[in-house]
Amino acid sequence: GKPLAATAGAMIFQKGGNAIDAACAMLGAVTTMWDVLSWGGETQALIYNPKLKKVIGINALGVAPSGATADFYRSRGMNTPPEFGPLAAVTPGTPGGLMTMLAEYGTLSLADVLAPAIQMADGYAIEAQGANSIEANKARIKEWKYAREVMLPHLGESREAPAAGEIFVQKDLAVTLRKLVEAERVALKAGKSRKDAIYAAYDRFYRGDIAEEIVRGVREEGGLFTKEDLANWNVESEEPLATNY
């Protein structure tokens, strides 16, 4: 539902990429637009492999951190985990899902595929739907100190979210995406294959300095992530259940 994401996919086809390359670029672009997806959470995909003549399921769903036990929530007076906030958060799945799909079934580099998302994180003219969604949800956004600095550039004014068409900038996200590309570039320079270089970026996100920053930021807000939670999480490739009817 995002024209800019569709444009990102078209750009990848123009570079000679395949459907997986394009899908990863579109995922990267749309998760940079905040509205319904983000760079955390979950990604799942069904990929038809024409060589194997079978469908492969990519399960990149985030999971609860190890500290999110029933006893923990009961100790806080809760019968269930909350719907929102740091204690509701699951480990980020989307980056791992994107990089796994690209490494296993794509043809282009992570640098190629993330280029549209990086360009958008540097600043793009935000669409009315996304801008108005930020304004409508600003009370919850204000609960997160880092989020409000990015999402609400007009704090204290009657409209605190960006206006439609305003250049919306996400500097920290752009830095993180460039770190992934840098990890790939260093691995390629060291003689790694395209696939292994993408997994080097994966490792930087889940086991390197990016992971440390995720854990620091989430725990500062009262969340439960540990470095082990991120390092132990993996994307699962599954055979989907199927039936004739």
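Trainee: In this predicted model, which residue of strand 5 is the bridge partner of G57?

Mentor: Strand 2 spans residues 54-61, and strand 5 spans residues 236-238. These two strands pair in the antiparallel sense over three bridges. In strand 5, G57 has as its bridge partner E238.

Trainee: Which strands stand at the edges of the sheet?

Mentor: The open sheet is formed by three strands with antiparallel pairing, in the order 1-2-5. An edge strand here has a single partner strand, so one of its sides is left without a neighbour in the sheet. The strands in that position are strand 1 and strand 5.

Trainee: Which helix packs on the sheet, touching strand 1 and strand 2?

Mentor: Neighbouring strands of the sheet are turned by 20° against each other on average, direction ignored. The helix that packs there has a direction making about 15° with that of strand 1. It comprises residues 94-105 and is helix 4.

Trainee: Is K53 buried or exposed?

Mentor: K53 lies in the loop between strand 1 and strand 2. Its phi is positive, about 55°, although K53 is not a glycine. The relative accessibility of K53 is 64%, and the cut-off is over 50%, so K53 counts as exposed.

Trainee: Are helix 5 and helix 9 roughly parallel or roughly antiparallel to each other?

Mentor: The axes of helix 5 (residues 110-122) and helix 9 (residues 171-189) come within 9 Å and cross at roughly 165°. Angles over 145 degrees count as roughly antiparallel. The two helices are therefore roughly antiparallel.

Trainee: How many nonpolar residues does the contact of helix 5 with helix 9 have?

Mentor: Helix 5 contributes residues including L110, L114 and I118, and helix 9 contributes residues including L173, L177 and V181. Charged residues number four and polar residues none, while the count of nonpolar residues is eleven.

Definitions and conventions. Residues are numbered from 1 along each chain as its sequence is written. This is a predicted model: local features need pLDDT of at least 70, side-chain atom pairs count only at pLDDT 80 or more; totals for chains, interfaces and linings use all residues. Side-chain values use heavy atoms; hydrogens and water are left out. Helices (H or I, at least four residues) and strands (E, at least two) are DSSP runs, numbered from the N terminus. Buried means under 20% relative accessible area, exposed over 50%, partly exposed in between (1.4 Å probe, protein chains only). Two strands pair if DSSP finds at least two bridges between them. Axes are lines fitted to C-alpha atoms, for helices over the stretch in contact, and angles run from 0 to 180 degrees between N-to-C directions. Contact means heavy atoms within 4.5 Å. Angles under 35 degrees count as roughly parallel, over 145 as roughly antiparallel, 65 to 115 as roughly perpendicular and the rest as oblique. Ala, Val, Leu, Ile, Met, Phe, Trp, Tyr, Cys and Pro count as nonpolar, Asp, Glu, Lys and Arg as charged, and the others, Gly among them, as polar.
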